[in-house]
Amino acid sequence: MDKSEKIRILQDMIKINTANGNEAELAKYIQHLLKIHDIDSQLISHGDNLDRANIVAEIGPKSSNKVLVLAGHLDTVDAGNLENWGRNPWSGELEDEIVYGRGAADMKSGLAGMVITLIELSKTQLTNRIRFIGTAGEELGAAGSKELTTQGYVHDVSAMIIGEPTGGDIVFAHSGSIDYTVHSQGKGAHSSMPKLGINAITNLVKFITAEEHAFDDAPESPLLGPLVHSVTVINGGNQVNSIPESAYLEGNIRPIPECNEADSIARLQAIITELNQQPDVNLSLTVNFSFTPVVNDQHSDFVQAIQTAHSMAFGSPAILKVIHGATDASEYIKDDHKFPMLVLGAGQWENAHSLNESVTLDNYFKVMETYRQVALNWQNN
């Protein structure tokens, strides 16, 4: 496959708007592309919504019990206010060796590189299996990877690369992620007679004040550093001359192995339980989703194999990194079968979800070559 076609595939993927949904259209595009090259794939429905789907494809002999997975998510975050973009977010515009558009970095460049790697290696004699997985819904709870894990699609995996944007460097560990909601139930009244009501916002503020110090004594991770937490959304009241009868907030926690999801949620619940002992306070906690922290051995054979491939593609070893973002690995790690999961993709992490999101062609091609070299070396293991 020549370079112009590889660029076109990336542009085609960006042109399909998969912002928080519509993954089925991209999955069908990938399925059609693979079919042209005689590679069968499976579309796996994502719930009851026909606009959403996961996709799985595989090459190599079924008799092999060694399975390398190239994995990524099909969805992107929303583009936001289009007036703030300097170009159409779904144009895949190419300018000065840079491709622009929502998902250019996170992570359609990784997806394109993985699909192209599968296509090119399908023409060679393989001794071990290579599987491609594309998931729905990663940006809002990783429901696709959760479904595939439950259905056994990673139960035989030997090793996995997840194509999130790392600039080609290796992320061997990342935090988890918890999204939660706290509801405050009060009692409405006229604002001129506040004592006849219960101010739901005032009680919610009590939680915010306590939450600020909820993790002061939490242990730190030697790899990931301290747990990160924030209250990020607050909503309450209907009009200015009424005491609000209800309010809610949303928050996010980036748990670490030393203070994991269960520990973090327990700390929040302890605050609510204590506050609810006060008169007229009625708070409740809902955990919307919870991602598990992922830590790999940075000295493992798989890391070294990727380092060899990276050096062949980039001319130098990769930098080993940790991030506080979460990935589909947080669901795959819940499978009883354990295997290394490393994150490596094109584009910069800082560019993900940004205005005028982009990826350079140089990085795109070098990461794609890294995938190819890892997959080729996999045949000799």
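How many residues does helix α1 have, and what should they span at 1.5 Å a residue? The helix has 13 residues (residues 3–15), which should span 18 Å, and its end C-alpha atoms are 19 Å apart, so the two values agree. That helix belongs to a predicted model, in which the protein has nine helices and 18 strands. The radius of gyration is 23 Å, close to the 21 Å that the globule rule gives for 381 residues, so the protein is as compact as a globular protein of that length. Here is a friendly tour, starting with the whole protein and ending with a few backbone details.

**The whole protein**

- Along its principal axes, the C-alpha trace spans about 80 × 45 × 40 Å.
- Of the 381 residues, 54% are buried.
- Among contacts with a separation of 6 or more, 81% join residues that are 24 or more positions apart.
- The accessible surface comes to about 16400 Å², and carbon and sulfur atoms account for 49% of that surface.
- The protein carries 26 positive and 48 negative charges, and the mean positions of these two sets are 4 Å apart.

**Helix α1**

- Eight positions are worth finding in your viewer: Lys-6, Ile-7, Ile-9, Leu-10, Gln-11, Asp-12, Met-13 and Ile-14 are the buried residues of α1.
- These buried residues pack against the helices α2 (23–36), α3 (104–121) and α9, and also against the strands β4 (94–95), β5 (98–100) and β18 (358–360).

**Helix α3**

- One of the helices that α1 packs against is α3, which has 18 residues.
- From its first C-alpha to its last, α3 reaches 24 Å, close to the 26 Å expected at 1.5 Å a residue.
- Helix α3 is mostly covered, with 17 of its 18 residues buried.
- Met-107 lies in α3, and the peptide bond that leads into Met-107 from Asp-106 is cis, with omega near -10°.

**Helix α7 and Ala-313**

- Helix α7 covers residues 301–314; its 14 residues should span 20 Å at 1.5 Å a residue, and its end C-alpha atoms are 20 Å apart, which agrees.
- The buried residues in α7 are Phe-302, Val-303, Ile-306, Gln-307, Ala-309, His-310 and Ala-313.
- Their cover includes the strands β3 (67–73), β7 (159–162), β8 (170–174), β16 (320–323) and β17 (341–343), together with helix α9 (361–378).
- Ala-313 is found in α7 and has a relative accessible area of 14%; buried means under 20%, so Ala-313 counts as buried.
- Leaving aside residues up to four places away in sequence, Ala-313 touches Lys-366, Glu-369 and Thr-370.
- Ala-313 and Tyr-371 are 58 residues apart along the chain, and their C-alpha atoms are separated by 9.2 Å.
- After α7 comes Gly-315, which has a positive phi near 90°.

**Strand β7 and Ile-162**

- Among the strands that cover the buried residues of α7 is β7, and Ile-162 lies in β7.
- Is Ile-162 buried or exposed? Its relative accessible area is 2%, so Ile-162 is buried.
- Setting aside residues up to four places away in sequence, Ile-162 touches Ala-71, Met-114, Thr-327, Asp-328, Ala-329, Tyr-332, Leu-342, Val-343 and Leu-344.
- The C-alpha atoms of Ile-162 and Ala-346 are separated by 11 Å, while the two residues are 184 residues apart along the chain.

**Loop residues with positive phi**

- Glu-97 is not a glycine, yet its phi is positive, about 65°.
- You will find Glu-97 in the loop between β4 and β5, the two strands listed among the packing partners of α1.
- Glu-97 has a relative accessible area of 53%; exposed means over 50%, so Glu-97 counts as exposed.
- His-353 is not a glycine either, and its phi is positive at about 70°.
- The loop between β17 and β18 holds His-353.
- At 42% relative accessibility, His-353 falls between the 20% and 50% cut-offs, so it counts as partly exposed.

Note on methods
Residues are numbered from 1 along each chain as its sequence is written. This is a predicted model: local features need pLDDT of at least 70, side-chain atom pairs count only at pLDDT 80 or more; totals for chains, interfaces and linings use all residues. Side-chain values use heavy atoms; hydrogens and water are left out. Helices (H or I, at least four residues) and strands (E, at least two) are DSSP runs, numbered from the N terminus. The radius of gyration is taken over C-alpha atoms; the globule rule is 2.2 Å times the number of residues to the power 0.38. Buried means under 20% relative accessible area, exposed over 50%, partly exposed in between (1.4 Å probe, protein chains only). Contact means heavy atoms within 4.5 Å. Accessible areas come from the Shrake-Rupley method with a 1.4 Å probe; for residues, only the protein chains shown count as cover. Lys and Arg count as positive and Asp and Glu as negative; His and the chain ends are not counted. The place of a charge is taken as NZ of Lys, CZ of Arg, CG of Asp or CD of Glu. The expected span of a helix is 1.5 Å times one less than its number of residues.
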